[in-house]
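The following note is offered to a colleague who is new to this structure. It takes up aromatic rings, charged side chains and one helix in turn.

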Amino acid sequence: MKTTIILIALLYSSSALLAQDNKYTPPALSDSASWTMILIPDTQSYVKFERNQPILEMMTAWISENIEPLNIKLVLNVGDLVEQNELLVSDRINGNQPSKAQWEAISKAFERLDGKVPYILSAGNHDYGFINAEDRRSNFDTYFPAERNPLSEKMLRHVGRNASDKNTLENAAFELISPHGRKFLIASMEFAPRNAMIEWAGKIFDLPQYQDHTGIIVTHAYMDHQGNRHIRQKYPLEDVNYGDNLWRKLIEPSSNIELVFAGHIADNPEFRGGVAFRSDQNSIQKQVHQMVFNAQRLGGGWHGNGGDGWIRILEFLPDNKTVKVSTFSPLFAISPTTWEHAWHRADFNDFTFEFSEGNE
């Protein structure tokens, strides 16, 4: 009798594991000629608690392992690298690490990608001031100078000045030529960009050598989860431009900016509260796709595990215009026990968009 029970249990567990295995498919290109871009959301809650750091390191390790299988050509981050930019003593509630340890943690995570794949990082409100953008001082350049990743530096074309009148990657423009020949000009812009930086970016996108490029803006605070572009925020900074101003002053008038990436929002604890997507025509009737992605309230809220390891995979198909967006967690994918949670297939996390014809 005992033998029969044991055999039944083994058969049941094996069939259950097989069922899980059949439900889970690891990330792969839908077309072998595609290439991908990886989008990492706000990372602040991964580094404010020491216990969460391994999740972020696992995320960048997964990216490193998949550079060749997924033909990854670029990694982007939408800001709020740390929770507090200049905090000497943690309050043990909203994190248990001082700022130096947080910056060291985010630096260590991206170290896995140095020399392997280029990455472009945005600076968010928590990367400025003491705790949360009380002013525009940041340690960003100390940990992410232009020369740090030679592959990113190779793409660097223009650098703007931060609020301390120093050239840093807080405002910078990079050029990427895809395997399919489409040319991209990608501008990372500081949190709530100053008017001078909007003018700087506008002049760069208007240069003759970039008129055949597809422009991309990577910034932090842009729109809410319902797709409404921010008009104002609560931060005590002057000379600021949030989503609505950024659209009116820079993106809409541009002839070649077609894609915007941002983070920042976590309007409710559900996944839907941290994502948004909308498309609008610019001044020459070209579609501009605007995407917000932030998962930091998943995995336990503000004081949880940092965001359940979620990233976005953007697959650029060989037709040179179609982009497939999928949302995936290397954290859940690491074990058969959690495979069933590794993909988020809701339509706001799994969709397709197309670029305009001609920029190639």
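**Note on ring contacts, salt bridges and helix 8**

1. The charged end of Arg345 sits over the ring of Trp343, at 4.3 Å from its centre. A second arrangement of this kind involves Arg229, which lies over the face of Trp247, 4.4 Å from the ring centre. The reader should bear in mind that the model is a predicted one.

2. Trp247 belongs to helix 8, which spans residues 243-251. Which residues of this helix are buried? They are Gly243, Asn245, Leu246, Trp247, Leu250 and Ile251. The buried residues of helix 8 pack against helix 7 (195-205) and against four strands: strand 7 (214-218), strand 8 (257-262), strand 9 and strand 10 (287-293).

3. Helix 8 also carries a salt bridge between Arg248 and Asp244, whose closest N and O atoms are 3.3 Å apart. The two residues are four positions apart in the helix, and therefore about one helical turn separates them. Arg248 is partly exposed, with a relative accessible area of 44%. Asp244 is likewise partly exposed, at 23% relative accessibility.

4. Turning to aromatic pairs, the structure holds 20 of them. One is formed by Phe184 and Phe316 in an edge-to-face arrangement, with 5.9 Å from centre to centre and 85° between the planes. Phe184 is part of strand 6 (residues 183-188) and Phe316 is part of strand 11 (residues 311-316), so this pair ties together parts of the chain that lie 132 residues apart in sequence. Both Phe184 and Phe316 are buried.

5. Another aromatic pair joins Phe277 and Phe351; it is tilted, with centres 4.8 Å apart and an angle of 50° between the planes. This pair links distant parts of the chain, 74 residues apart: Phe277 is in strand 9 (residues 275-281) and Phe351 in strand 13 (residues 351-354). Are the two rings' residues buried or partly exposed? Phe277 is partly exposed, with a relative accessible area of 31%, whereas Phe351 is buried, at 15%.

6. The four phenylalanines of the two preceding points belong to one cluster linked by ring pairs. Its members are Trp35, Phe184, Phe277, Phe316, Phe351, Phe353 and Phe355.

7. How many salt bridges does a search of the whole structure find? The search gives 17. One of these is between Lys183 and Asp212, with an N to O distance of 3.2 Å. Lys183 lies in strand 6, while Asp212 lies in the loop between helix 7 and strand 7, so the bridge ties together parts that are 29 residues apart in sequence. Lys183 is partly exposed, with a relative accessible area of 27%, and Asp212 is partly exposed as well, with 29%.

8. Arg137 and Asp135 also meet through their side chains in a salt bridge, at 3.1 Å from N to O. Arg137 counts as partly exposed at 36% relative accessibility, and Asp135 counts as partly exposed at 22%. Finally, a network of salt bridges links Arg136, Glu190 and Arg194.

Key: Residues are numbered from 1 along each chain as its sequence is written. This is a predicted model: local features need pLDDT of at least 70, side-chain atom pairs count only at pLDDT 80 or more; totals for chains, interfaces and linings use all residues. Side-chain values use heavy atoms; hydrogens and water are left out. Rings of Phe, Tyr and Trp (its six-membered ring) pair if their centres lie within 6.5 Å; planes under 30 degrees apart count as stacked, over 60 as edge-to-face and the rest as tilted. Buried means under 20% relative accessible area, exposed over 50%, partly exposed in between (1.4 Å probe, protein chains only). A charge sits over a ring if NZ of Lys or CZ of Arg is within 6 Å of the ring centre and within 35 degrees of the ring normal. Contact means heavy atoms within 4.5 Å. A salt bridge is a side-chain nitrogen of Lys or Arg within 4 Å of a carboxyl oxygen of Asp or Glu.
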